Amino acid sequence: MTVGRRSPSRWTRFAAPLAAVALAACGGSQSVMDPRGTGADDLARLSWILFIGGAVIFVVVMALVAYAAFGPTDRRRRLGNRNVVIAGGIAFPVVTLSALLVYGLLVTDWVVGAGEPALRIEVVGERWWWRVHYLDEDGDIAVASANEVRIPVGRVVEFSLKSNDVIHSFWVPNLGGKLDMIPGHVNTLRLQADEPGTFRGQCAEYCGGPHALMAFYVVAEPEERFAAWLEQERRPAMTPRVPFTRQGQELFIQAGCGACHTVRGTPADGVIGPDLTHVGSRLSIGAGILPTNVGTLAGWIADSQHLKPDNLMPSFNVLRGQDLRAIAAYLESLK
Ligand code: CUA
């Protein structure tokens, strides 16, 4: 007989893939198990304390229940003693829950925040995308963008969360807890990324239709790079440099895209859909569902209703292939 070559038991065959799936969900760019920011660290620690503490208490209580049911008759009577009931049934829960309440309040205090944040960003939930405004010191809109948030590493960023229609929920699991976006109300959330990275966020409150396809990316980068990016973002869209993208810009205006979208520096000044001034520099289109390139942009314009059913942009499937490519190339050039 060879040692170590036993065929896997039924249990192993069942448990191994299950464990692999469970562990695969622990890391990555959209996971509470992989905290990358100050608030997220605190929340993860609180969660582990609750989880492990709850597990220990559960095991002890189950052991006591078993002892009460099957233990030696004379000894198990002691469990019914008045002092044991007061200590285990009243004193212990009061002390434990009070300590957890104080600790929980201290943790959430950071998230709600005191003191001046380094940057203020307003995010408005829309069906089914994210309107993003970088605010200046006076709270006025300095830069309008969509479906992507850039933040400087190591700085406290305060998010003002709003909604224009129904309740959405803003959640970037690697950086912090989720917070609802409620019509007519402003919720404040602080996040701080402790290292550079790209983190995925997701609408965490069912908001109808393509709710599951309402995602976004948060890009955390060193402060100088962030400042340079914000400076570039403030500028109006670049003028097309080659005839093909110039033609794309003309077609974009002719097709009426400007009724819903803004491209700063052009006649397109619609505010119903995402601002496209620098759409070519964003990681994704369609609110986190496709990478940004000429192919996906053309596909989105031609048949966004197929890619994201019930989203509010009609499919422009009447455009000729050549025209579609020109518009897509123009949008991709808007860095
Ligand atoms: Cu927005 Cu779910």
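Two strands pair if DSSP finds at least two bridges between them. The exercises below apply this and similar rules to a predicted model.

**Exercise 1. Determine how strand β2 is joined to β1 and to β3.**

Solution.
1. Take β1 (residues 119–126) first: 6 bridges link β1 and β2, in the antiparallel sense. Pairing needs at least two bridges, so β1 and β2 count as paired.
2. One position in that pairing is glutamate 122, which stands opposite histidine 133 of β2.
3. The connection between β1 and β2 is a hairpin of 2 residues.
4. On to β3 (residues 141–146): β2 and β3 run antiparallel and are joined by 5 bridges.
5. Here arginine 131 has alanine 146 of β3 as its bridge partner.
6. The hairpin between β2 and β3 has 5 residues, and glycine 139 in the turn has a positive phi of about 85°.

**Exercise 2. Decide whether the faces of β2 are covered or open.**

Solution.
1. In a regular strand the side chains alternate between the two faces of the sheet.
2. One side of β2 carries Trp129, Arg131, His133 and Leu135, and these are all buried.
3. The other side carries Trp130, Val132 and Tyr134, also all buried. Both faces are therefore covered.
4. Because 7 of the 7 residues of β2 (residues 129–135) are buried, the strand is largely enclosed by the rest of the structure.

**Exercise 3. Test cysteine 257 and cysteine 260 for a disulfide.**

Solution.
1. A disulfide is a covalent bond between the sulfur atoms of two cysteines.
2. The cut-off is a pair of cysteine sulfur atoms within 2.5 Å. By this rule there are 0 disulfides.
3. For cysteine 257 the nearest cysteine sulfur belongs to cysteine 260, 8.7 Å away, and cysteine 257 is in no disulfide.
4. Likewise cysteine 260 is in no disulfide, its nearest cysteine sulfur being that of cysteine 257.
5. Cysteine 257 has 14% relative accessibility, so it counts as buried. Cysteine 260, with a relative accessible area of 30%, is partly exposed.

**Exercise 4. Check the length of helix α8 and find what its buried residues pack against.**

Solution.
1. Helix α8 (residues 321–332) has 12 residues; at 1.5 Å a residue, it should span 16 Å.
2. Its end C-alpha atoms are 16 Å apart, which agrees.
3. The buried residues of α8 include Leu324, Ile327, Ala328 and Leu331.
4. The buried residues of α8 pack against α6 (243–254) and α7 (294–307).

Definitions and conventions
Residues numbered from 1 in each chain as written. Predicted model: local features only at pLDDT ≥ 70, side-chain atom pairs only at ≥ 80, totals over all residues. Heavy atoms only, no water. Buried < 20%, exposed > 50% of the residue type's maximum accessible area, 1.4 Å probe, protein only. Helix = DSSP H or I, 4+ residues; strand = E, 2+ residues; numbered from the N terminus. Expected span 1.5 Å × (residues − 1). Contact = heavy atoms within 4.5 Å.
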